[in-house]
Amino acid sequence: MTTHHLEIKDLTVVYHRVPAVHHVSLDLRCGHRVALLGPNGAGKTTFFKALVGLVPKETGMVVFGGHGKAGADTDIAYLPQRSVIDWDFPITARGMVEMGRYMRIGNWGRFGKRDAEAVDLALRTMDLDDLAERQISALSGGQQQRAFLARSLAQEAHVFLLDEPFTGLDKTAQDLLGEAIRKLAEAGDLVIASHHDLKSVPELFDQVIFLNGELIAFGDIGEAFNEENIARAYRTQIFSGAHAHHSGLAKSTCTG
Amino acid sequence: MLRALFGCALIGFTNGVLSSFIVLRRLALMADAMAHSLLPGVALALILFGLAPVNLFFGGLVAALLVGLGVQIISGSSRIKEDTSLGLLFACAFSLGLVLLSLSPARVNVTHYLFGNILGLSDDDLWIIYLISCIVLPLLVVFQRPLLLLMFEPSVAASQGVWVKPLTYILMSLLVLAMISSLQAVGVVLALGMLIAPAATIYLCSDSFAAMFWGGGVIGTLGSCAGLFVSYWLNLPSGACIVLVLGMIFFAAYLFSPKYGVLSKFLRRHHLHEESLARWEERTGD
(Lines give C-alpha, C1' and ligand atoms only; values in the text may rest on other atoms or scores of the structure.)
Protein backbone atom coordinates (compact mmCIF):
# COMPACT_ATOMS: atom_id res chain seq x y z
CA MET A 1 0.00 0.00 0.00
CA THR A 2 1.40 3.43 -0.96
CA THR A 3 1.90 5.81 1.93
CA HIS A 4 1.00 9.32 0.89
CA HIS A 5 3.37 12.18 1.57
CA LEU A 6 2.54 15.72 2.47
CA GLU A 7 5.40 17.70 0.97
CA ILE A 8 5.84 21.31 1.98
CA LYS A 9 8.42 23.01 -0.20
CA ASP A 10 10.05 26.30 0.77
CA LEU A 11 6.93 27.77 2.40
CA THR A 12 7.09 31.47 3.29
CA VAL A 13 4.23 33.60 4.57
CA VAL A 14 4.69 37.31 5.12
CA TYR A 15 2.68 39.76 7.23
CA HIS A 16 3.50 43.43 6.67
CA ARG A 17 6.86 42.51 5.16
CA VAL A 18 7.83 40.39 8.18
CA PRO A 19 8.18 36.66 7.49
CA ALA A 20 5.81 34.83 9.85
CA VAL A 21 6.83 31.50 8.30
CA HIS A 22 10.22 31.50 6.71
CA HIS A 23 11.28 29.02 4.00
CA VAL A 24 9.90 25.91 5.68
CA SER A 25 10.33 22.60 3.89
CA LEU A 26 9.01 19.31 5.24
CA ASP A 27 8.25 15.84 3.99
CA LEU A 28 5.56 14.29 6.18
CA ARG A 29 4.18 10.80 5.74
CA CYS A 30 0.66 9.63 6.46
CA GLY A 31 0.22 7.30 9.39
CA HIS A 32 1.88 9.63 11.88
CA ARG A 33 0.81 11.87 14.74
CA VAL A 34 2.97 14.99 14.53
CA ALA A 35 3.30 17.61 17.26
CA LEU A 36 3.88 21.15 16.02
CA LEU A 37 5.80 22.91 18.76
CA GLY A 38 7.03 26.44 19.18
CA PRO A 39 6.56 29.50 21.37
CA ASN A 40 3.68 31.96 20.97
CA GLY A 41 4.07 33.91 17.76
CA ALA A 42 6.16 31.15 16.18
CA GLY A 43 3.88 31.00 13.16
CA LYS A 44 2.11 27.71 13.95
CA THR A 45 -1.40 28.92 13.09
CA THR A 46 -0.05 30.80 10.07
CA PHE A 47 1.65 27.61 8.93
CA PHE A 48 -1.65 25.69 9.11
CA LYS A 49 -3.58 28.43 7.35
CA ALA A 50 -1.02 28.56 4.55
CA LEU A 51 -1.40 24.80 3.99
CA VAL A 52 -5.13 25.19 3.28
CA GLY A 53 -4.85 28.47 1.40
CA LEU A 54 -6.39 30.71 4.06
CA VAL A 55 -3.39 33.04 3.90
CA PRO A 56 -1.40 33.79 0.74
CA LYS A 57 1.99 32.17 0.34
CA GLU A 58 4.93 34.40 -0.51
CA THR A 59 6.87 31.40 -1.77
CA GLY A 60 6.48 27.66 -1.74
CA MET A 61 4.07 24.92 -2.58
CA VAL A 62 2.14 22.15 -0.91
CA VAL A 63 1.94 18.72 -2.50
CA PHE A 64 -0.11 15.79 -1.23
CA GLY A 65 -0.15 12.37 -2.86
CA GLY A 66 1.68 13.83 -5.82
CA HIS A 67 -0.90 16.57 -6.41
CA GLY A 68 -0.24 20.26 -5.81
CA LYS A 69 -2.65 21.86 -3.35
CA ALA A 70 -3.32 25.55 -3.87
CA GLY A 71 -6.25 26.09 -1.54
CA ALA A 72 -9.22 24.34 0.03
CA ASP A 73 -9.07 20.62 -0.65
CA THR A 74 -10.97 17.53 0.47
CA ASP A 75 -7.70 15.83 1.43
CA ILE A 76 -6.64 18.43 3.98
CA ALA A 77 -8.85 19.49 6.88
CA TYR A 78 -8.11 22.45 9.11
CA LEU A 79 -9.53 22.75 12.61
CA PRO A 80 -8.91 26.18 14.19
CA GLN A 81 -8.67 26.76 17.92
CA ARG A 82 -11.86 25.99 19.83
CA SER A 83 -12.09 29.61 20.96
CA VAL A 84 -12.97 30.85 17.46
CA ILE A 85 -16.08 28.66 17.29
CA ASP A 86 -19.41 29.91 18.59
CA TRP A 87 -20.40 26.84 20.59
CA ASP A 88 -23.85 28.37 21.24
CA PHE A 89 -24.69 27.96 17.56
CA PRO A 90 -28.04 26.15 17.32
CA ILE A 91 -26.91 22.86 15.84
CA THR A 92 -26.56 19.28 16.99
CA ALA A 93 -23.32 17.29 16.93
CA ARG A 94 -24.69 15.39 13.93
CA GLY A 95 -25.57 18.65 12.17
CA MET A 96 -22.04 19.93 12.68
CA VAL A 97 -20.52 16.69 11.37
CA GLU A 98 -22.83 16.80 8.33
CA MET A 99 -21.23 20.14 7.40
CA GLY A 100 -18.08 18.16 6.72
CA ARG A 101 -19.75 16.65 3.62
CA TYR A 102 -19.92 20.07 1.96
CA MET A 103 -16.82 19.52 -0.17
CA ARG A 104 -18.29 16.27 -1.50
CA ILE A 105 -21.82 17.49 -2.27
CA GLY A 106 -21.27 21.21 -2.94
CA ASN A 107 -23.86 23.96 -2.67
CA TRP A 108 -26.79 22.09 -4.19
CA GLY A 109 -25.94 18.39 -4.34
CA ARG A 110 -28.24 15.88 -2.68
CA PHE A 111 -27.31 14.66 0.78
CA GLY A 112 -27.62 10.95 0.05
CA LYS A 113 -27.13 7.57 1.68
CA ARG A 114 -23.36 7.60 1.12
CA ASP A 115 -23.13 10.95 2.91
CA ALA A 116 -25.28 9.77 5.84
CA GLU A 117 -23.05 6.68 6.16
CA ALA A 118 -19.91 8.83 6.18
CA VAL A 119 -21.41 10.96 8.95
CA ASP A 120 -22.43 7.88 10.99
CA LEU A 121 -18.95 6.40 10.60
CA ALA A 122 -17.31 9.65 11.66
CA LEU A 123 -19.49 9.86 14.78
CA ARG A 124 -18.81 6.20 15.61
CA THR A 125 -15.04 6.61 15.16
CA MET A 126 -15.03 9.53 17.56
CA ASP A 127 -17.26 7.68 20.09
CA LEU A 128 -20.04 10.21 19.68
CA ASP A 129 -22.92 7.89 18.70
CA ASP A 130 -24.84 8.59 21.90
CA LEU A 131 -24.25 12.31 21.67
CA ALA A 132 -25.13 12.81 18.01
CA GLU A 133 -28.47 14.51 18.66
CA ARG A 134 -27.18 16.68 21.47
CA GLN A 135 -26.68 20.41 20.95
CA ILE A 136 -23.00 21.31 20.62
CA SER A 137 -23.48 23.81 23.47
CA ALA A 138 -24.33 20.87 25.74
CA LEU A 139 -21.14 18.94 24.93
CA SER A 140 -18.08 19.05 27.16
CA GLY A 141 -14.85 20.59 25.85
CA GLY A 142 -13.39 17.23 24.90
CA GLN A 143 -16.62 16.11 23.22
CA GLN A 144 -16.75 19.36 21.26
CA GLN A 145 -13.20 18.80 20.05
CA ARG A 146 -14.02 15.23 18.99
CA ALA A 147 -17.19 16.43 17.23
CA PHE A 148 -15.11 19.00 15.38
CA LEU A 149 -12.67 16.26 14.40
CA ALA A 150 -15.58 14.05 13.31
CA ARG A 151 -16.61 16.82 10.93
CA SER A 152 -13.21 16.63 9.22
CA LEU A 153 -13.46 12.84 9.22
CA ALA A 154 -16.82 13.10 7.43
CA GLN A 155 -15.00 15.18 4.83
CA GLU A 156 -12.91 12.04 4.20
CA ALA A 157 -9.77 14.09 4.65
CA HIS A 158 -6.43 12.34 4.99
CA VAL A 159 -4.48 15.18 6.59
CA PHE A 160 -5.79 16.81 9.76
CA LEU A 161 -4.35 20.14 10.91
CA LEU A 162 -5.43 20.70 14.51
CA ASP A 163 -4.74 24.06 16.13
CA GLU A 164 -4.21 23.53 19.88
CA PRO A 165 -6.78 20.74 20.18
CA PHE A 166 -5.77 19.82 23.74
CA THR A 167 -6.02 23.31 25.21
CA GLY A 168 -8.47 23.45 28.09
CA LEU A 169 -9.04 19.69 28.25
CA ASP A 170 -8.70 17.70 31.47
CA LYS A 171 -6.69 14.46 31.58
CA THR A 172 -9.63 12.21 30.70
CA ALA A 173 -10.69 14.34 27.75
CA GLN A 174 -7.07 14.57 26.65
CA ASP A 175 -6.73 10.79 26.76
CA LEU A 176 -9.91 10.32 24.73
CA LEU A 177 -8.82 12.84 22.11
CA GLY A 178 -5.33 11.32 22.05
CA GLU A 179 -6.89 7.92 21.42
CA ALA A 180 -9.04 9.36 18.63
CA ILE A 181 -5.95 10.84 16.99
CA ARG A 182 -4.10 7.53 17.38
CA LYS A 183 -6.99 5.78 15.56
CA LEU A 184 -6.71 8.23 12.67
CA ALA A 185 -2.97 7.66 12.31
CA GLU A 186 -3.43 3.88 12.52
CA ALA A 187 -5.99 4.13 9.73
CA GLY A 188 -3.33 5.77 7.57
CA ASP A 189 -4.11 9.46 8.04
CA LEU A 190 -1.68 12.23 8.95
CA VAL A 191 -2.44 14.34 12.01
CA ILE A 192 -0.46 17.50 12.76
CA ALA A 193 -1.46 19.24 15.98
CA SER A 194 0.01 22.35 17.55
CA HIS A 195 0.63 21.75 21.22
CA HIS A 196 1.92 23.66 24.24
CA ASP A 197 2.39 21.08 26.98
CA LEU A 198 5.86 19.63 26.35
CA LYS A 199 5.44 16.98 29.07
CA SER A 200 2.62 15.21 27.23
CA VAL A 201 4.24 15.26 23.77
CA PRO A 202 5.87 11.77 23.90
CA GLU A 203 2.56 10.24 25.03
CA LEU A 204 0.39 11.86 22.37
CA PHE A 205 2.63 12.05 19.30
CA ASP A 206 5.22 9.99 17.45
CA GLN A 207 6.89 12.81 15.50
CA VAL A 208 7.65 16.42 16.24
CA ILE A 209 8.19 19.66 14.29
CA PHE A 210 9.88 22.54 16.09
CA LEU A 211 8.94 25.83 14.50
CA ASN A 212 9.88 29.37 15.36
CA GLY A 213 9.35 31.30 12.17
CA GLU A 214 11.69 28.88 10.46
CA LEU A 215 12.04 25.14 10.83
CA ILE A 216 14.20 24.35 13.84
CA ALA A 217 13.94 20.56 13.74
CA PHE A 218 11.75 17.68 12.56
CA GLY A 219 11.85 13.97 13.24
CA ASP A 220 10.66 11.04 15.33
CA ILE A 221 10.07 11.72 19.00
CA GLY A 222 13.04 9.55 19.99
CA GLU A 223 15.45 11.54 17.84
CA ALA A 224 14.17 15.10 17.54
CA PHE A 225 12.36 15.69 20.84
CA ASN A 226 15.38 16.60 22.97
CA GLU A 227 16.67 19.40 25.19
CA GLU A 228 18.79 20.92 22.47
CA ASN A 229 15.92 21.36 20.00
CA ILE A 230 13.57 22.57 22.71
CA ALA A 231 16.14 25.17 23.73
CA ARG A 232 16.72 26.24 20.14
CA ALA A 233 12.99 26.57 19.44
CA TYR A 234 11.95 28.33 22.62
CA ARG A 235 15.00 30.48 23.26
CA THR A 236 15.96 31.52 19.77
CA GLN A 237 15.28 34.99 18.37
CA ILE A 238 14.98 34.59 14.63
CA PHE A 239 14.71 38.26 13.75
CA SER A 240 15.94 41.04 15.97
CA GLY A 241 14.52 44.44 16.86
CA ALA A 242 11.03 45.37 15.72
CA HIS A 243 10.70 42.21 13.67
CA ALA A 244 11.58 39.83 16.48
CA HIS A 245 9.63 36.62 16.73
CA HIS A 246 8.43 36.12 20.28
CA SER A 247 10.26 33.55 22.34
CA GLY A 248 8.75 32.17 25.49
CA LEU A 249 11.88 32.31 27.66
CA ALA A 250 15.10 34.30 27.72
CA LYS A 251 15.95 36.01 24.46
CA SER A 252 19.33 35.48 22.88
CA THR A 253 20.44 36.25 19.35
CA CYS A 254 20.59 33.24 17.06
CA THR A 255 24.13 32.79 15.89
CA GLY A 256 23.58 29.72 13.71
CA MET B 1 -54.81 50.03 5.42
CA LEU B 2 -54.83 46.78 3.42
CA ARG B 3 -51.88 47.98 1.39
CA ALA B 4 -50.01 48.89 4.57
CA LEU B 5 -50.85 45.50 6.07
CA PHE B 6 -49.60 43.58 3.05
CA GLY B 7 -46.44 45.71 2.95
CA CYS B 8 -45.92 45.11 6.66
CA ALA B 9 -46.29 41.35 6.26
CA LEU B 10 -43.73 41.24 3.44
CA ILE B 11 -41.26 43.54 5.19
CA GLY B 12 -41.68 41.65 8.46
CA PHE B 13 -41.08 38.28 6.84
CA THR B 14 -38.02 39.38 4.83
CA ASN B 15 -36.37 41.13 7.76
CA GLY B 16 -37.35 38.32 10.13
CA VAL B 17 -35.66 35.71 7.96
CA LEU B 18 -32.50 37.80 7.70
CA SER B 19 -32.46 38.42 11.44
CA SER B 20 -31.10 34.91 12.04
CA PHE B 21 -27.87 35.96 10.31
CA ILE B 22 -27.63 39.19 12.29
CA VAL B 23 -28.09 37.41 15.62
CA LEU B 24 -25.81 34.44 14.94
CA ARG B 25 -22.93 36.41 13.45
CA ARG B 26 -23.29 39.27 15.98
CA LEU B 27 -23.82 41.88 13.28
CA ALA B 28 -26.14 44.16 15.29
CA LEU B 29 -23.75 47.15 15.25
CA MET B 30 -23.05 46.68 11.56
CA ALA B 31 -26.75 46.37 10.75
CA ASP B 32 -27.61 49.49 12.76
CA ALA B 33 -24.80 51.40 11.08
CA MET B 34 -25.93 50.34 7.63
CA ALA B 35 -29.51 51.36 8.33
CA HIS B 36 -28.42 54.82 9.42
CA SER B 37 -26.10 55.08 6.42
CA LEU B 38 -29.02 54.84 3.99
CA LEU B 39 -30.16 58.35 4.87
CA PRO B 40 -27.74 60.54 2.86
CA GLY B 41 -28.32 58.42 -0.25
CA VAL B 42 -32.09 58.66 0.17
CA ALA B 43 -31.83 62.42 0.76
CA LEU B 44 -29.55 63.02 -2.25
CA ALA B 45 -31.76 60.92 -4.52
CA LEU B 46 -34.75 62.91 -3.31
CA ILE B 47 -33.07 66.24 -4.07
CA LEU B 48 -31.68 65.23 -7.46
CA PHE B 49 -34.35 62.91 -8.83
CA GLY B 50 -37.51 63.41 -6.82
CA LEU B 51 -39.72 61.33 -4.57
CA ALA B 52 -40.15 58.21 -6.75
CA PRO B 53 -39.46 55.09 -4.64
CA VAL B 54 -37.03 53.63 -7.17
CA ASN B 55 -34.81 56.73 -6.79
CA LEU B 56 -34.76 56.41 -3.03
CA PHE B 57 -34.01 52.72 -3.38
CA PHE B 58 -30.89 53.27 -5.51
CA GLY B 59 -29.82 56.27 -3.45
CA GLY B 60 -29.99 54.25 -0.23
CA LEU B 61 -28.20 51.33 -1.84
CA VAL B 62 -25.31 53.46 -3.10
CA ALA B 63 -24.94 55.22 0.27
CA ALA B 64 -24.85 51.96 2.26
CA LEU B 65 -22.34 50.42 -0.15
CA LEU B 66 -20.13 53.50 0.01
CA VAL B 67 -20.12 53.46 3.80
CA GLY B 68 -19.34 49.73 3.78
CA LEU B 69 -16.47 50.35 1.38
CA GLY B 70 -15.27 53.29 3.48
CA VAL B 71 -15.12 51.09 6.57
CA GLN B 72 -12.96 48.53 4.77
CA ILE B 73 -10.65 51.23 3.38
CA ILE B 74 -10.17 53.06 6.69
CA SER B 75 -9.69 49.97 8.84
CA GLY B 76 -7.49 48.32 6.19
CA SER B 77 -5.15 51.29 5.75
CA SER B 78 -4.75 52.63 9.29
CA ARG B 79 -4.68 51.51 12.88
CA ILE B 80 -8.40 52.32 13.26
CA LYS B 81 -10.35 49.10 13.93
CA GLU B 82 -13.48 48.16 11.99
CA ASP B 83 -16.01 48.89 14.72
CA THR B 84 -14.55 52.39 15.27
CA SER B 85 -14.57 53.28 11.58
CA LEU B 86 -18.07 51.81 11.27
CA GLY B 87 -19.41 53.89 14.18
CA LEU B 88 -17.70 57.02 12.92
CA LEU B 89 -18.82 56.68 9.30
CA PHE B 90 -22.42 55.85 10.08
CA ALA B 91 -22.74 58.78 12.47
CA CYS B 92 -21.29 61.10 9.83
CA ALA B 93 -23.44 59.60 7.08
CA PHE B 94 -26.58 59.92 9.19
CA SER B 95 -25.75 63.54 10.04
CA LEU B 96 -25.11 64.27 6.38
CA GLY B 97 -28.49 62.77 5.55
CA LEU B 98 -30.23 64.99 8.11
CA VAL B 99 -28.49 68.07 6.72
CA LEU B 100 -29.37 67.15 3.12
CA LEU B 101 -33.01 66.50 4.03
CA SER B 102 -33.21 69.91 5.67
CA LEU B 103 -31.91 71.46 2.42
CA SER B 104 -34.28 69.52 0.19
CA PRO B 105 -36.47 71.74 -2.02
CA ALA B 106 -39.32 69.19 -1.84
CA ARG B 107 -41.46 69.25 1.28
CA VAL B 108 -40.45 66.15 3.16
CA ASN B 109 -41.37 64.99 6.59
CA VAL B 110 -38.00 63.94 8.00
CA THR B 111 -39.62 61.80 10.68
CA HIS B 112 -41.05 59.51 7.96
CA TYR B 113 -37.54 58.53 6.93
CA LEU B 114 -36.32 58.28 10.48
CA PHE B 115 -39.22 56.38 12.02
CA GLY B 116 -41.29 55.07 9.10
CA ASN B 117 -44.70 55.81 7.64
CA ILE B 118 -46.22 52.51 6.64
CA LEU B 119 -49.69 54.01 6.32
CA GLY B 120 -48.33 56.33 3.60
CA LEU B 121 -47.30 53.33 1.44
CA SER B 122 -48.07 53.84 -2.26
CA ASP B 123 -48.57 51.15 -4.92
CA ASP B 124 -45.06 51.86 -6.24
CA ASP B 125 -43.64 51.43 -2.75
CA LEU B 126 -45.44 48.10 -2.47
CA TRP B 127 -44.02 46.90 -5.79
CA ILE B 128 -40.49 47.72 -4.61
CA ILE B 129 -41.07 45.83 -1.35
CA TYR B 130 -42.51 42.87 -3.27
CA LEU B 131 -39.53 42.90 -5.66
CA ILE B 132 -37.06 43.02 -2.78
CA SER B 133 -38.75 40.07 -1.08
CA CYS B 134 -38.67 38.13 -4.35
CA ILE B 135 -34.91 38.71 -4.57
CA VAL B 136 -33.94 38.22 -0.92
CA LEU B 137 -35.94 35.12 -0.01
CA PRO B 138 -35.11 32.88 -2.99
CA LEU B 139 -31.41 33.80 -2.77
CA LEU B 140 -31.31 32.91 0.93
CA VAL B 141 -32.93 29.55 0.18
CA VAL B 142 -30.63 28.85 -2.79
CA PHE B 143 -27.49 29.63 -0.79
CA GLN B 144 -28.68 28.17 2.50
CA ARG B 145 -26.02 25.45 2.67
CA PRO B 146 -22.92 27.64 2.20
CA LEU B 147 -24.57 30.34 4.33
CA LEU B 148 -24.95 27.88 7.19
CA LEU B 149 -21.24 27.04 7.00
CA LEU B 150 -20.40 30.74 6.81
CA MET B 151 -22.60 31.50 9.82
CA PHE B 152 -21.03 28.73 11.86
CA GLU B 153 -17.42 29.79 11.31
CA PRO B 154 -16.01 31.71 8.30
CA SER B 155 -12.42 30.40 8.48
CA VAL B 156 -13.52 26.76 8.63
CA ALA B 157 -15.98 27.47 5.81
CA ALA B 158 -13.17 28.99 3.73
CA SER B 159 -10.98 25.95 4.36
CA GLN B 160 -13.83 23.82 2.98
CA GLY B 161 -13.99 25.83 -0.22
CA VAL B 162 -16.96 28.09 0.59
CA TRP B 163 -16.58 31.37 -1.33
CA VAL B 164 -16.62 33.37 1.87
CA LYS B 165 -15.96 36.84 0.45
CA PRO B 166 -18.52 36.75 -2.41
CA LEU B 167 -21.10 35.16 -0.13
CA THR B 168 -20.50 37.83 2.52
CA TYR B 169 -20.98 40.55 -0.08
CA ILE B 170 -24.19 38.88 -1.26
CA LEU B 171 -25.46 38.69 2.31
CA MET B 172 -24.58 42.35 2.96
CA SER B 173 -26.35 43.38 -0.25
CA LEU B 174 -29.47 41.42 0.74
CA LEU B 175 -29.32 43.15 4.12
CA VAL B 176 -29.21 46.57 2.45
CA LEU B 177 -32.18 45.58 0.28
CA ALA B 178 -34.16 44.44 3.33
CA MET B 179 -33.36 47.70 5.11
CA ILE B 180 -34.50 49.76 2.18
CA SER B 181 -37.76 47.83 2.23
CA SER B 182 -38.15 48.49 5.96
CA LEU B 183 -37.54 52.23 5.49
CA GLN B 184 -41.25 52.58 4.87
CA ALA B 185 -42.35 50.58 7.88
CA VAL B 186 -40.00 51.68 10.62
CA GLY B 187 -37.46 54.14 9.15
CA VAL B 188 -33.66 54.07 9.46
CA VAL B 189 -33.53 54.56 13.22
CA LEU B 190 -35.78 51.62 14.10
CA ALA B 191 -34.82 49.24 11.27
CA LEU B 192 -32.56 47.33 13.64
CA GLY B 193 -35.56 46.28 15.73
CA MET B 194 -37.02 44.28 12.83
CA LEU B 195 -33.62 42.78 12.12
CA ILE B 196 -32.88 41.56 15.63
CA ALA B 197 -36.06 40.78 17.59
CA PRO B 198 -37.53 37.92 15.51
CA ALA B 199 -34.47 35.63 15.48
CA ALA B 200 -33.54 36.58 19.05
CA THR B 201 -37.01 35.41 20.09
CA ILE B 202 -36.72 32.06 18.31
CA TYR B 203 -33.16 31.60 19.64
CA LEU B 204 -34.67 31.47 23.11
CA CYS B 205 -37.22 28.86 22.06
CA SER B 206 -35.44 26.52 19.67
CA ASP B 207 -32.14 24.77 19.02
CA SER B 208 -32.52 24.64 15.27
CA PHE B 209 -31.08 27.05 12.71
CA ALA B 210 -33.94 26.23 10.35
CA ALA B 211 -36.42 27.21 13.08
CA MET B 212 -34.57 30.50 13.57
CA PHE B 213 -34.61 31.13 9.84
CA TRP B 214 -38.28 30.41 9.07
CA GLY B 215 -39.57 31.10 12.56
CA GLY B 216 -37.90 34.50 12.43
CA GLY B 217 -39.86 35.23 9.28
CA VAL B 218 -43.14 34.18 10.92
CA ILE B 219 -42.48 36.23 14.08
CA GLY B 220 -41.44 39.19 11.92
CA THR B 221 -44.69 38.99 9.97
CA LEU B 222 -46.99 38.50 12.95
CA GLY B 223 -45.22 41.10 15.08
CA SER B 224 -45.21 43.71 12.32
CA CYS B 225 -48.88 43.23 11.50
CA ALA B 226 -49.86 43.23 15.17
CA GLY B 227 -47.85 46.43 15.68
CA LEU B 228 -49.61 48.03 12.75
CA PHE B 229 -53.04 47.12 14.15
CA VAL B 230 -52.09 48.53 17.56
CA SER B 231 -50.87 51.81 16.04
CA TYR B 232 -54.02 52.08 13.91
CA TRP B 233 -56.43 51.51 16.78
CA LEU B 234 -54.58 53.61 19.33
CA ASN B 235 -53.50 56.28 16.84
CA LEU B 236 -49.84 55.92 17.71
CA PRO B 237 -46.69 56.06 15.52
CA SER B 238 -46.70 52.86 13.45
CA GLY B 239 -42.93 52.27 13.30
CA ALA B 240 -42.55 52.52 17.05
CA CYS B 241 -45.54 50.25 17.68
CA ILE B 242 -44.17 47.58 15.34
CA VAL B 243 -40.80 47.54 17.11
CA LEU B 244 -42.45 47.64 20.56
CA VAL B 245 -44.69 44.66 19.75
CA LEU B 246 -41.67 42.71 18.45
CA GLY B 247 -39.83 43.67 21.61
CA MET B 248 -42.71 42.49 23.80
CA ILE B 249 -42.80 39.14 21.99
CA PHE B 250 -39.08 38.82 22.64
CA PHE B 251 -39.50 39.58 26.35
CA ALA B 252 -42.30 37.05 26.60
CA ALA B 253 -39.91 34.43 25.20
CA TYR B 254 -37.14 35.68 27.49
CA LEU B 255 -39.35 35.05 30.50
CA PHE B 256 -41.54 32.11 29.52
CA SER B 257 -39.73 30.06 26.88
CA PRO B 258 -39.88 26.42 28.04
CA LYS B 259 -36.32 25.83 26.86
CA TYR B 260 -34.36 28.94 27.74
CA GLY B 261 -36.78 31.26 29.51
CA VAL B 262 -35.67 32.80 32.78
CA LEU B 263 -38.71 31.52 34.68
CA SER B 264 -38.31 27.99 33.29
CA LYS B 265 -34.66 27.95 34.41
CA PHE B 266 -35.72 29.12 37.85
CA LEU B 267 -38.37 26.42 38.17
CA ARG B 268 -36.18 23.65 36.78
CA ARG B 269 -33.75 21.84 39.11
CA HIS B 270 -30.21 23.21 38.86
CA HIS B 271 -28.34 20.70 36.72
CA LEU B 272 -26.00 21.34 33.83
CA HIS B 273 -27.42 18.78 31.42
CA GLU B 274 -29.42 15.58 31.15
CA GLU B 275 -26.62 13.20 32.17
CA SER B 276 -26.08 15.05 35.42
CA LEU B 277 -29.85 15.17 36.06
CA ALA B 278 -30.20 11.43 35.33
CA ARG B 279 -27.37 10.61 37.79
CA TRP B 280 -28.99 12.82 40.43
CA GLU B 281 -32.37 11.14 39.95
CA GLU B 282 -30.73 7.72 40.17
CA ARG B 283 -29.00 8.65 43.41
CA THR B 284 -32.05 10.20 45.04
CA GLY B 285 -34.14 7.22 43.86
CA ASP B 286 -31.77 4.96 45.84
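Q: How many helices and strands does chain A have?
A: This is a predicted model, in which local features need pLDDT of at least 70 and side-chain atom pairs count only at pLDDT 80 or more, while totals for chains, interfaces and linings use all residues. Residues are numbered from 1 along each chain as its sequence is written, and chains are lettered from A and ligands numbered from 1 in the order in which they are written. Helices (H or I, at least four residues) and strands (E, at least two) are DSSP runs, numbered from the N terminus. Counted in this way, chain A has nine helices and twelve strands.

Q: What radius of gyration does chain A have, beside that of a compact globule?
A: The radius is taken over C-alpha atoms, and the globule rule is 2.2 Å times the number of residues to the power 0.38. For 256 residues the rule gives a value near 18 Å, and chain A agrees with it, having 18 Å.

Q: Which strand does β1 (residues 5-15) of chain A join through eight bridges?
A: Two strands pair if DSSP finds at least two bridges between them. β1(A) also pairs with β4 (residues 59-64) of chain A in the antiparallel sense over five bridges, with Lys9(A) facing Met61(A) as bridge partner. The eight bridges belong to another antiparallel pairing, in which His5(A) stands opposite Arg29(A), and the partner there is strand β2 (residues 18-29) of chain A.

Q: Which strands stand at the edges of the open six-stranded sheet of chain A?
A: The sheet has mixed pairing and the order β6-β7-β8-β3-β9-β10, and its neighbouring strands are turned by 15° against each other on average, direction ignored (axes are lines fitted to C-alpha atoms, and angles run from 0 to 180 degrees between N-to-C directions). Within this order, β3 (residues 33-37) and β9 (residues 207-212) run parallel over four bridges. A strand with a single partner has one side left without a neighbour in the sheet, so the edges are β6 (76-79) and β10 (214-220).

Q: Which helix gives the largest share of the largest nonpolar core?
A: A nonpolar core is a set of buried Ala, Val, Leu, Ile, Met, Phe, Trp, Tyr and Cys residues joined through C-beta atoms within 7 Å, where buried means that 20 or more other C-beta atoms, placed from the backbone, lie within 10 Å of the residue's own. This core has 164 residues, and those touching the most other members include Ala147(A), Leu161(A) and Met179(B). The largest share, 24 residues, comes from chain B, in helix α9 (residues 164-203).

Note on methods
A residue is buried if 20 or more other C-beta atoms lie within 10 Å of its own, exposed if 12 or fewer, and partly exposed in between; C-beta atoms are placed from the backbone.
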